[in-house]
Amino acid sequence: MTAAARRVWGLMYRHLALYRSSWPRLLELAYWPILQMCIWGFTASFLASRMGSGTGALAAAALLGGVLLWEVTLRSQMGMSISFLEEIWSRNLGHIFVSPLRPSEMIVALIGMSIIRMLLGVVPAILLAWAFYAFNLFALGPVLVLFFANLMIFGWAVALSVVSLVLRHGAGAEPLAWGVLFGLAPFSAVFYPVSVLPMAVRWIAWLLPTSHVFEGMRGVLMHQEVLWAHLAAAFALNIVWLCGAVALFNWQFRQARISGALVSMGE
Amino acid sequence: MSVIQVEQLTKRYGDVLAVDGIDFTVAQGQTVGLLGGNGAGKTTTIAMLLGLLIPTAGRIRILGHDMATNRFAALARMNFSSPYVSLPHRLTVRQNMRVYGNLYNVRGLDRRIAELSAELDLGAILDRPAGQLSAGQKTRVALAKALINRPEVLLLDEPTASLDPDTGDLVRSWLERYRTETGCTILLASHNMAEVARLCSHVLMLKKGRVVDSGSPEALLARYEREDLEEVFLDIARDRRQAVDA
C-alpha cells in the first residue's frame, strides 16, 4: 500500500473502529431511512388503493423511488459532514492536521466513509421497500448506478461546502450538516416534476443535478425510457458543483490556517 | 546542524501582535524550552511550526524543509503532544495507535505498538477506550502516539501538565532516554521550571510575542543572580529585575 493510501485508510479505520464499538451509531445509520420508508410506504399504499392499479401503482413507485434516491443524496452528504464533525467533537483535529495527511487525502477518506455510511443506511430501506411494499428499486435497471453516482457526488459537494463553513465559522455552522439539504429538496423535484414548480424558480431546479436525476427516474418508471440528456446535465452540473466545493474547501482551509481557527477547533 | 530554523517569525491577528519577529535555531539532539506567561506566544509559535497556522511574516525550516511550501515532508518526520488535544476517546489505545501508525506510514506497526506498549507500560490499558483512562495514563498514551513514527523532531506543549510528581518524573525520564538513544530534537513549551531546568540545554524566554532573553538554564540563573528558573521567569514576567549583564 502506498503512503497516501495508508493515510486514507488510517482515517477511515478511525471511523470504522468507532462504529464497531458503538452499536447505537450503527443503528442510527439505518433508523431514519427505514422510518422514512415506513411512512412513505404506507402513504404510497394508501394512494395506490385510492387511485386504482394503473396510475396508483405508478404514483406509488415514483414516490418510493423518490424517497429512496433522496436518501442516497442525504446520507452521502451527512455521512461526509458528520465524519468530519466527529473529529471536532473528539477534539482530535489538532492531531489530524499536524500529521502528514493531506487535505485531499482527508477528503478521499471522508468520501469513503460517506459511501459506507450511505450503503449501511439505504440498503436496509431498499430491502424494506421490496419486502413490504413490493417496490424493487433495482427494476430501474443498470441506469440506477448512474443515478446513485450523481446523487452521491452532489451529496459530497454539499457536504464539502458545509465542512468549509464549519472551518470558517466553527460550531455555529454545525446544524447545517443536518439541515442544508432539506432546503434544496423542494427544488430537487423529488416527488413531482420540475414543471410543477412556479416558472420563477424553475431555473434553480435546473441548476441542481438532483432534479435531473429525479426527472430521469420518472422517465424510466413511467415511460421505460432513459433520459440521457438529463443524465448528461446531472454529470456536467456535478462537475461544476464539486469543483466549486473543493475550491471553497481549499480557500476556507487556508483561511482557517491564517485566522487560527484550526488551533481553537483542534483543542 | 540546525534542525529547526526560525527567522523573523511574526503572527498578527488584526491589531494583536501574537508573535513579533522572533528568530531562533535548534540544533540536532538539543532540547530547547519555550518559556513565557499566558499569552506570551508559545502556543502560537508551536502552531506555526506545526503548520496549523500560517505566519504573517517570517520563515520556518524544519529538517531542511520550508514549512511554507513543503510542510508535509517535515511533518512525516515530526510529531507533537499536548494535553489540550485529545485522542478519539471511544477508540481503544491500540486502535488509536493503529490510526496514527497508518497516518504516519509506520512500517511494522504491530511491532512498533508492542515496543511502545512495553516501554511506556501500556500493556494493561492497550484494549481500553482512551476516554476511560486516568490523566497519567492518557499522558503516556499521548506520548506513545507522539513517538509512533520515531520522530526526529518532537514538539511538546506542556507534556506533564496536571500530572502527579511520580508520573511527571516518569515522562521526563522517558523523554531524556528517547533523546539520548535517538538524537531527537525537542522543543518544549512548559510552565514547569524544574522540568525545563532538567530537560533543556537552552531556554527561550518569551514575553508579548518576543524573545526577551535566552541561554542555558545555568547562564540565565547566573545572569539574573537567582537560585531557580521560576525566579528568573518572575523577574522577566514582572519586569522586576534586569539581567546583570543587560
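Is B:Glu158 buried, exposed or partly exposed? Work through the exercises below to place this residue and others in the predicted model.

**Exercise 1. Classify B:Glu158 and describe its backbone.**

Step 1. Count neighbours: 19 other C-beta atoms lie within 10 Å of B:Glu158.
Step 2. Apply the cut-off: a residue is buried at 20 or more, and exposed at 12 or fewer. B:Glu158 is therefore partly exposed.
Step 3. Locate the residue. B:Glu158 sits in the loop of chain B between strand 7 (153–157) and helix 6 (165–182).
Step 4. Read the backbone. The phi of B:Glu158 is positive, about 45°, although the residue is not a glycine. Most residues other than glycine have a negative phi.

**Exercise 2. Repeat the analysis for B:Asp121.**

Step 1. B:Asp121 has 13 C-beta neighbours inside 10 Å, so it counts as partly exposed.
Step 2. Its loop runs between helix 4 (109–119) and helix 5 (135–147) of chain B.
Step 3. B:Asp121 is not a glycine, yet its phi is positive at about 55°.

**Exercise 3. Reconstruct the open sheet of chain B, starting from its strand order.**

Step 1. Write the order. 6 strands run 6-7-8-3-9-10, with mixed pairing.
Step 2. Find the edges. Strand 6 (78–81) and strand 10 of chain B each pair on one side only.
Step 3. Add the twist, which averages 15° from one strand to the next.
Step 4. Take the parallel pair. Strand 3 (residues 31–35) and strand 9 of chain B pair in the parallel sense over 4 bridges. B:Gly33 has B:Val203 in strand 9 as its bridge partner.
Step 5. Take the antiparallel pair. Strand 9 (residues 202–207) and strand 10 (residues 210–215) of chain B are joined by 5 bridges. Here B:Val203 stands opposite B:Gly215.
Step 6. Inspect the turn. The hairpin of strands 9 and 10 of chain B has 2 residues between the strands, and B:Lys208 in this hairpin takes a positive phi near 50°.
Step 7. Place the helix. Helix 8 (residues 217–224) of chain B lies across strand 9 and strand 10, at about 100° to strand 10.

**Exercise 4. Describe how the domains of chain B meet.**

Step 1. Set the bounds. The domain assignment gives domain 1 (2–77 + 151–237) and domain 2 (88–150).
Step 2. Take the centres over C-alpha atoms: 25 Å separate them.
Step 3. Count the contact. 12 residues of domain 1 of chain B are in contact with 10 residues of domain 2 of chain B.
Step 4. Identify the main supplier on the domain 1 side. Helix 6 of chain B gives the largest share, 5 residues.
Step 5. Sort that side by class: 7 nonpolar, 4 polar and 1 charged.

**Exercise 5. Explain where the largest nonpolar core lies relative to the domains of chain B, and examine two of its members.**

Step 1. The core has 154 residues, and those touching the most other members include A:Leu68 and B:Ile62.
Step 2. Domain 1 and domain 2 of chain B both give residues to this core, so it lies between them.
Step 3. Check A:Leu68, which lies in helix 3 (residues 53–89) of chain A. It has 23 C-beta neighbours inside 10 Å and so counts as buried.
Step 4. List its contacts beyond four places in sequence: A:Val122, A:Ala125, A:Ile126, A:Ala129 and A:Leu137.
Step 5. Compare B:Ile62. On the same sequence filter, its contacts include B:Val3, B:Leu49, B:Met67 and B:Val153.

**Exercise 6. Break down the contact of chain A with chain B.**

Step 1. The contact takes 29 residues from chain A and 27 residues from chain B.
Step 2. On the chain A side, helix 1 (3–20), helix 4 (93–96), helix 10 (228–259) and helix 11 (261–266) each supply at least two residues.
Step 3. Helix 1 of chain A gives the largest share, 9 residues.
Step 4. By class, the chain A side has 12 nonpolar, 10 polar and 7 charged residues.

**Exercise 7. Characterise A:Leu227.**

Step 1. A:Leu227 is in the loop between helix 9 (209–223) and helix 10 of chain A.
Step 2. With 19 other C-beta atoms within 10 Å, A:Leu227 is partly exposed.
Step 3. Beyond four places in sequence, A:Leu227 touches A:Glu215, A:Gly216 and A:Gly219.
Step 4. A:Ile204 is 23 residues away along the chain, and its C-alpha atom is separated from that of A:Leu227 by 20 Å.

Conventions. Residues are numbered from 1 along each chain as its sequence is written. Chains are lettered from A and ligands numbered from 1 in the order in which they are written. This is a predicted model: local features need pLDDT of at least 70, side-chain atom pairs count only at pLDDT 80 or more; totals for chains, interfaces and linings use all residues. Two residues are in contact if their C-beta atoms, placed from the backbone, lie within 7 Å. Ala, Val, Leu, Ile, Met, Phe, Trp, Tyr, Cys and Pro count as nonpolar, Asp, Glu, Lys and Arg as charged, and the others, Gly among them, as polar. A nonpolar core is a set of buried Ala, Val, Leu, Ile, Met, Phe, Trp, Tyr and Cys residues joined through C-beta atoms within 7 Å. Domain bounds come from an automatic or database domain assignment. Two strands pair if DSSP finds at least two bridges between them. Axes are lines fitted to C-alpha atoms, for helices over the stretch in contact, and angles run from 0 to 180 degrees between N-to-C directions.
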